Structures are given as C-alpha cells and as structure tokens.
Amino acid sequence: MGLELFLDLVSQPSRAVYIFAKKNGIPLELRTVDLIKGQHKSKEFLQINSLGKLPTLKDGDFILTESSAILIYLSCKYQTPDHWYPSDLQARARVHEYLGWHADCIRGTFGIPLWVQVLGPLIGVQVPKEKVERNRTAIDQALQWLEDKFLGDRPFLAGQQVTLADLMALEELMQPVALGYELFEGRPRLAAWRGRVEAFLGAELCQEAHSIILSILEQAAKKTLPTPSPEAYQAMLLRIARIP
C-alpha cells in the first residue's frame, strides 16, 4: 500500500497538502472524509487519527497529522525542489517562523466566516453579530501583519521564491474569499502576492482545488449540503461556542 491522504477540500490545510502533492507529482491514494457529514468523527476514522482532524497522512504503519508536518515530511521524502522547504538554515527558519505565526494568528481566524455563513445556519445556529464583527477586525489585523511583517517588499512570504508558507497562507485566505470577503481590496501588495502564487501553481490546479469551497454558498442556498451526523452536530455546536 502506498501513501494515503485523508482529506476534504472544504478544509484549508487539506487543500494545501493536496496542491503540494499534485504540483510535485507525489503519488497519493486520496481518501475523502466528508467533514460536513461528520465522517471525521466516525469510529473508523478515529482509529486512524484519534484527534479526528484532517488532513491525515498514512505511510504504511506511519500516521502523521497536522498539515505543516505532512508538507515537511513529503518535501523531504520526495526531495521536492529546494524552494519549497529550503536547505539553507536561515531560509528554512523563515518558513518555520511563518508557520508558527500562521498557527497562532491565521488558522483559527480565517475559517470563522464559513461557520457564520454556512455551517452555523446548516444546524440552525446564528453566530452573534458582535462575534462576527470581532472576527472581521481580527482578520483585518492579521492581514496587516501578514503584509507588513512577512511579505514586506519581497515577492513571497519567506523570501524570493514560493515556499510552504505561501501555500498555507493562500489556502487559508481563500476561505473567506469564497464567502464573499474582499480581502485583497485596498491591499495591492497582497493582491500581487496572490497573483504570483497562483500563477506559479497554475490556474488549472487552483481551480481543481478550490472548486468545492468556491461553490459552498451556492450549495447552502440550494440546500444541497449533507446533513451532519449526530456526532458532528455536537462537535459543531462546541466549535461555534468557542468563536471569540
């Protein structure tokens, strides 16, 4: 059995790993785990990843969770081009610097619009207006930090070439974009960065990876989204309650 990747392209980190594998020709068996249905909370999946999170990589008996760890593992195992995860110590440290900040300031912030506009209403829950406003403020602040601290006057977040940092950031920012947020309006440096990253990845691959999330509002309006399982329903209630 080759490498297996458990994922759902609704998930930002799942998309990052998917794009990376596709771009670099890494052979993976894709195993879709429907997050909205709650398949990540099923007994079968919890036997693979007790955390019930996506993506998850299975390489024989070796199971790896956390998207940044998976990306680093794949880049080393398949010796992908050096620009993704540089061998130069300081260049690599810049990638790790961004990934650490990303986990603290981006990961829990940019996914909230999906809960507000799609997942909450799907289970009959309205996120309070003050929480929505706080999230928008947090997004704007994070974008400013992203632009000033990490991008600066460079073409990419960690230097002169695309790295894992750019891929992780792009996929997180695509989540509110799919929900109608004009993240790049009035931010020409970030807009140009997005254009460079997408041009490097290729329009076809970006469309393939983003088609599901870009159609999520339409699916919600047409009521064609799946019904969450009872296990997923309880987990969704808890996640919504934790929105700051």
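Helices, as the term is used here, are DSSP runs of H or I that span at least four residues, numbered from the N terminus. Being four residues apart in helix α8, E198 and R194 are therefore separated by about one helical turn. The side chains of E198 and R194 meet in a salt bridge, with a distance of 3.2 Å from N to O. R194 counts as partly exposed, because its relative accessibility is 23%, and the partly exposed class lies between the limits of 20% and 50%. The structure described throughout is a predicted model.

Side chains of opposite charge can pair when their charged atoms come close. In total, the model holds 13 salt bridges. A further pair within one helix is formed by E97 and R94, whose closest N and O atoms are 2.9 Å apart. Both residues belong to helix α4, where a spacing of three residues corresponds to about one turn of the helix. E97 is classed as partly exposed on account of its relative accessibility of 31%. R94 is likewise partly exposed, with a relative accessible area of 47%.

The salt bridge between E147 and R187 has its closest N and O atoms 3.3 Å apart. This pair links distant parts of the chain, since E147 lies in helix α6 (residues 129-151) and R187 in the loop between α7 and α8 (188-201), with their positions 40 residues apart. Both E147 and R187 are buried. These two residues also take part in a network of salt bridges that links E147, D148, R187 and R189.

The largest nonpolar core comprises 74 residues, of which Y98, L157, L183, W193 and I216 touch the most other members. Helix α7 (residues 164-178) provides the largest share of this core, namely ten residues. For I216, the contacts beyond four places away in sequence are with V10, I36, L114, V118, L179 and L225.

Pocket analysis gave a volume of about 1,000 Å³ for the largest pocket. Its lining consists of 34 residues, and K53, L54, R107, W115 and R239 are the closest to the pocket centre. Two or more lining residues come from each of the elements α1 (12-23), α3 (67-77), α4 (89-106), α5 (112-122), α7 and α11 (230-241). Among the contributors, α11 gives the most to this lining, with five residues. In terms of residue class, the lining of the largest pocket contains 17 nonpolar, eleven polar and six charged residues.

The second largest pocket encloses about 170 Å³ of space. Of the 14 residues that line this pocket, D8, L9, V10, D34 and I212 lie nearest its centre. Strand β2 (29-32) and helix α10 (216-221) each supply at least two residues of the lining. By class, this second lining is made up of ten nonpolar, two polar and two charged residues. V10 thus appears in two settings, as a residue nearest the centre of the second largest pocket and as a contact of I216.

Conventions
Residues numbered from 1 in each chain as written. Predicted model: local features only at pLDDT ≥ 70, side-chain atom pairs only at ≥ 80, totals over all residues. Heavy atoms only, no water. Core = buried A, V, L, I, M, F, W, Y, C linked by side-chain atoms within 4.5 Å. Buried < 20%, exposed > 50% of the residue type's maximum accessible area, 1.4 Å probe, protein only. Contact = heavy atoms within 4.5 Å. 1 Å grid on protein atoms, 1.4 Å probe; cavity = no way out; pocket = protein on both sides within 12 Å on 5 of 7 lines; lining within 4 Å. Points joined across faces, edges and corners; volume = space filled by probe spheres on them. Nonpolar A, V, L, I, M, F, W, Y, C, P; charged D, E, K, R; others polar. Salt bridge = Lys/Arg side-chain N within 4 Å of Asp/Glu carboxyl O.
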